[in-house]
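Here is a quick walk through one protein model, written for someone who would rather look than scroll through tables. Keep the viewer open as you read.

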Amino acid sequence: MSESLHIVCPQCDAVNRIPADRLGEGPKCGRCHRPLFSGHPIALAGASFHKHIGRNDIPVVVDFWAPWCGPCKMMAPAFEQAARRLEPRVRLAKVNTDDEQTLGAQFGIRSIPTMALFKGGREVARQAGAMGGADILRWIQAHL
Ligand SMILES: [Zn+2]
């Protein structure tokens, strides 16, 4: 029997149990039947944020950003690309700190963009400032 992992559905927030060796086979959500991984960062807000950070057995990398932030916009395509490269081993997510000021305050986000990597509900690494694609991949992989 292979180990199974809890994966939170990006569409309906249901917690799925997926055998670790089938993670790369395009697993679908048992509740809403949509794909658990789409190759794109997912937008998190409020309650869904805490569920994804707390219940996923894979690391979650969050990009804290805002629509008016130039460097955030510059970094967005590289972050997209990182999602394509790293899923399903890692979940990439974005939090709009204009809409989610409570989350921004709770995590003490002082400048954007800021990336934070969470494992098992705990923040294990943080990086402030825009980075290019290669640096984003290197930073995430260094903390897995
Ligand atoms: Zn679902």
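What follows is a tour of a predicted model, taken site by site.

## The zinc site

Let's start with the metal. Which residues hold the zinc ion? Four cysteines do the job through their SG atoms: Cys9, Cys12, Cys29 and Cys32, at 2.3 Å. The angles among the four donor atoms run from 105 to 115°, and the site is tetrahedral. For reference, the ideal angle for four tetrahedral donors is 109.5 degrees.

If you like to spot motifs by eye, look for C-x2-C-x16-C-x2-C along the chain, which is the spacing of the zinc donors. The pair Cys9 and Cys29 links distant parts of the chain, as the two are 20 residues apart. Cys9 sits in the loop between strand S1 (4–8) and S2, while Cys29 sits in the loop between S2 and strand S3 (42–43). Cys9 counts as buried because its relative accessible area is 0%. Cys29 is buried too, with a value of 2%.

## The hairpin beside it

S1 and S2 make a hairpin, with six residues between them. The two strands run antiparallel and are joined by five bridges. To find your place in the pairing, look for His6, which stands opposite Arg17 in S2.

Asp13 is worth a click. It belongs to the loop between S1 and S2, and its phi is positive, about 65°, even though Asp13 is not a glycine. Asp13 counts as partly exposed because its relative accessibility is 22%. His33 is another non-glycine residue with a positive phi of about 65°. You'll find His33 in the loop between S2 and S3. At 55% relative accessibility, His33 counts as exposed.

## Asn16 and its company

Is Asn16 buried or exposed? This residue of strand S2 (residues 15–19) is buried, because its relative accessible area is 8%, under the 20% cut-off. A polar atom of the Asn16 side chain lies 3.4 Å from the backbone oxygen of Ala14.

Setting aside neighbours within four places in sequence, Asn16 touches a good mix of residues. Its contacts are Leu5, His6, Ile7, Cys9, Lys28, Cys29, Gly30 and Leu36. Two names there should ring a bell: Cys9 and Cys29 are among the zinc donors.

## The five-stranded sheet

Now move on to the sheet. Five strands make it up, in the order S3-S5-S4-S6-S7; the sheet is open and the pairing is mixed. S3 and strand S7 (122–128) are the edge strands, each pairing on one side only. Strand S6 (residues 114–119) pairs with S7 in the antiparallel sense, over six bridges. A handy marker for that pairing is Ala116, which stands opposite Arg126 in S7.

Helices pack on this sheet as well. H2 touches strand S4 (60–65), strand S5 (91–96) and S6, and its direction makes about 155° with that of S5. Helix H4 (residues 133–142) touches S4, S5, S6 and S7; its direction makes about 30° with that of S6.

## Prolines to look at

Where does Pro77 sit? Pro77 lies in helix H2 (residues 70–86). Pro77 counts as exposed because its relative accessible area is 52%, and the cut-off is over 50%. Pro77 and Gly132 are 55 residues apart in sequence, and their C-alpha atoms are 9.1 Å apart in space.

Two other prolines come with cis peptide bonds. One such bond joins Glu87 and Pro88, with omega at about 0°; Pro88 has its place in the loop between H2 and S5. Another cis bond joins Ile112 and Pro113, again with omega at about 0°. Pro113 lies in the loop between helix H3 (101–106) and S6.

Note on methods:
Residues numbered from 1 in each chain as written. Predicted model: local features only at pLDDT ≥ 70, side-chain atom pairs only at ≥ 80, totals over all residues. Heavy atoms only, no water. Helix = DSSP H or I, 4+ residues; strand = E, 2+ residues; numbered from the N terminus. Buried < 20%, exposed > 50% of the residue type's maximum accessible area, 1.4 Å probe, protein only. Polar contact = N/O pair within 3.5 Å; in protein donor to acceptor, adjacent residues only side chain to side chain. Contact = heavy atoms within 4.5 Å. Donors = N, O, S within 2.8 Å, 3.2 Å for Na, K, Ca; no water. Tetrahedral: all angles 85-135°; square planar, octahedral: opposite > 155°, others 65-115°. Pairing = 2+ DSSP bridges. Axes fitted to C-alpha atoms, helices over the stretch in contact; angles between N-to-C directions.
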